[in-house]
Amino acid sequence: MQKAKTETKINPRRTAYMGVFTALVYVTTSISIPMPPPLGVWHMGNLVSFLSAILCGPVVGAFACGIGATLFDVWNPLWGSSFSVYAPATLIIRGSMGYVLGLIAYKRENIRKYATIAVVAGHLWKNIGYFIYDYLLYGSAAFFDLTSLSIKSIFEIVLTLATLEAVRRKIGRNYLS
């Protein structure tokens with residue numbers, strides 16, 4: 001019980017990680033390929049979102065995933081505010097996704113197993129959340145988005161796990177904070 005308190009405590013290092021990862025999520029989401037509605041955009045922001053939660057824990061993950069992606073929806077250099085209708089959903093879906101990812105994978109013994117479970121669970125959570133939101137906005141056209149997100153998720157899961165291993169090898173430890 002005591003360990004969980006110290007892992008969610010906000011300190012200067014954790015605050016710095018929140019800022020850096022939030023900016024990275026925003027930038028990697030902003031560099032995107034637009035798709036016709038309701039498909040949104042294809043981007044690499046999810047990779048950074050997952051890394052932030054796994055490497056820094058649930059608090060940093062929730063903040064970086066939720067705020068960084070919501071900033072993209074509200075305004076981004078390539079598409080302006082064209083995705084602002086998604087901002088409320090993004091804040092909730094992506095923020096909770098980051099928190100859950102961190103809860104599953106942060107400071108676990110079997111790092112590969114829990115990272116894999118976390119990334120798969122995160123993608124399922126995100127895809128189902130956006131499907132429901134898209135269904136409310138677009139009706140049955142949301143099924144196209146679910147198909148698109150599922151295909152993209154397979155690619156992102158493999159890339160995230162490979163990047164996570166490379167980052168861990170480079171920094172010489174399993175977690176940043």
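**View 1. Ser 49, a buried residue of helix H3.** In this predicted model, Ser 49 is buried, with a relative accessible area of 0%. The residue sits in helix H3. Contacts of Ser 49 beyond four places in sequence are Val 25, Cys 65, Arg 94 and Met 97. Buried here means under 20% relative accessible area, so Ser 49 at 0% qualifies.

**View 2. The largest nonpolar core.** This core has 28 residues. Which members touch the most others? They are Phe 21 and Cys 56. Two or more residues each come from helix H2 (12–30), helix H3 (45–56), helix H4 (58–74), helix H5 (87–105), H6 and helix H7 (142–171). H3 gives the largest share, eight residues. Apart from this core lies another, of 10 residues. Tyr 26, Val 41, Tyr 86 and Tyr 133 are among its members. In soluble globular proteins, nonpolar side chains tend to be buried together.

**View 3. The surroundings of Cys 56.** Residues up to four places away in sequence are not counted here. With that restriction, Cys 56 touches Arg 14, Tyr 17, Phe 21, Leu 51, Tyr 106, Leu 176 and Ser 177. Phe 21, one of these partners, shares with Cys 56 the top place for contacts to other members of the largest nonpolar core.

**View 4. Helix H2 against helix H4.** Two packed helices are described by the angle between their axes and the distance between the axes. For H2 and H4, the axes come within 8 Å and cross at roughly 35°. The crossing is right-handed. H2 contributes Arg 14, Tyr 17, Met 18, Phe 21, Thr 22, Val 25, Tyr 26, Thr 29 and Ser 30 to the contact. From H4 come Val 59, Val 60, Phe 63, Ala 64, Cys 65, Ile 67, Gly 68, Ala 69, Leu 71 and Phe 72. How do the residues of this contact divide by type, and how many are nonpolar? The split is 14 nonpolar, four polar and one charged.

**View 5. Gly 102, a buried glycine in helix H5.** Gly 102 belongs to helix H5. Its relative accessible area is 2%, so Gly 102 is buried. Leaving out residues up to four places away in sequence, Gly 102 touches Ala 53, Gly 57 and Pro 58. Val 59 is 43 residues from Gly 102 in sequence. In space, the C-alpha atoms of Gly 102 and Val 59 are 7.6 Å apart.

**View 6. Lys 107, between helices H5 and H6.** Lys 107 lies in the loop that links H5 and H6. Phi of Lys 107 is near 55°, a positive value in a residue other than glycine. Is Lys 107 buried, partly exposed or exposed? The relative accessibility is 34%, so Lys 107 counts as partly exposed.

**View 7. Helix H6 and the glycine after it.** H6 covers residues 111–138, 28 residues in total. From first C-alpha to last, the helix reaches 39 Å. That is close to the 40 Å expected at 1.5 Å a residue. Gly 139 follows just after H6, with a positive phi of about 75°.

**View 8. His 123, a buried residue of helix H6.** His 123 is placed in helix H6. At 2% relative accessibility, His 123 counts as buried. Which residues does His 123 contact, leaving aside neighbours within four places in sequence? The partners are Phe 50, Ser 153, Glu 156 and Ile 157.

Terms used:
Residues numbered from 1 in each chain as written. Predicted model: local features only at pLDDT ≥ 70, side-chain atom pairs only at ≥ 80, totals over all residues. Heavy atoms only, no water. Helix = DSSP H or I, 4+ residues; strand = E, 2+ residues; numbered from the N terminus. Expected span 1.5 Å × (residues − 1). Core = buried A, V, L, I, M, F, W, Y, C linked by side-chain atoms within 4.5 Å. Buried < 20%, exposed > 50% of the residue type's maximum accessible area, 1.4 Å probe, protein only. Contact = heavy atoms within 4.5 Å. Axes fitted to C-alpha atoms, helices over the stretch in contact; angles between N-to-C directions. Left-handed = near helix turned anticlockwise from the far one by under 90°. Nonpolar A, V, L, I, M, F, W, Y, C, P; charged D, E, K, R; others polar.
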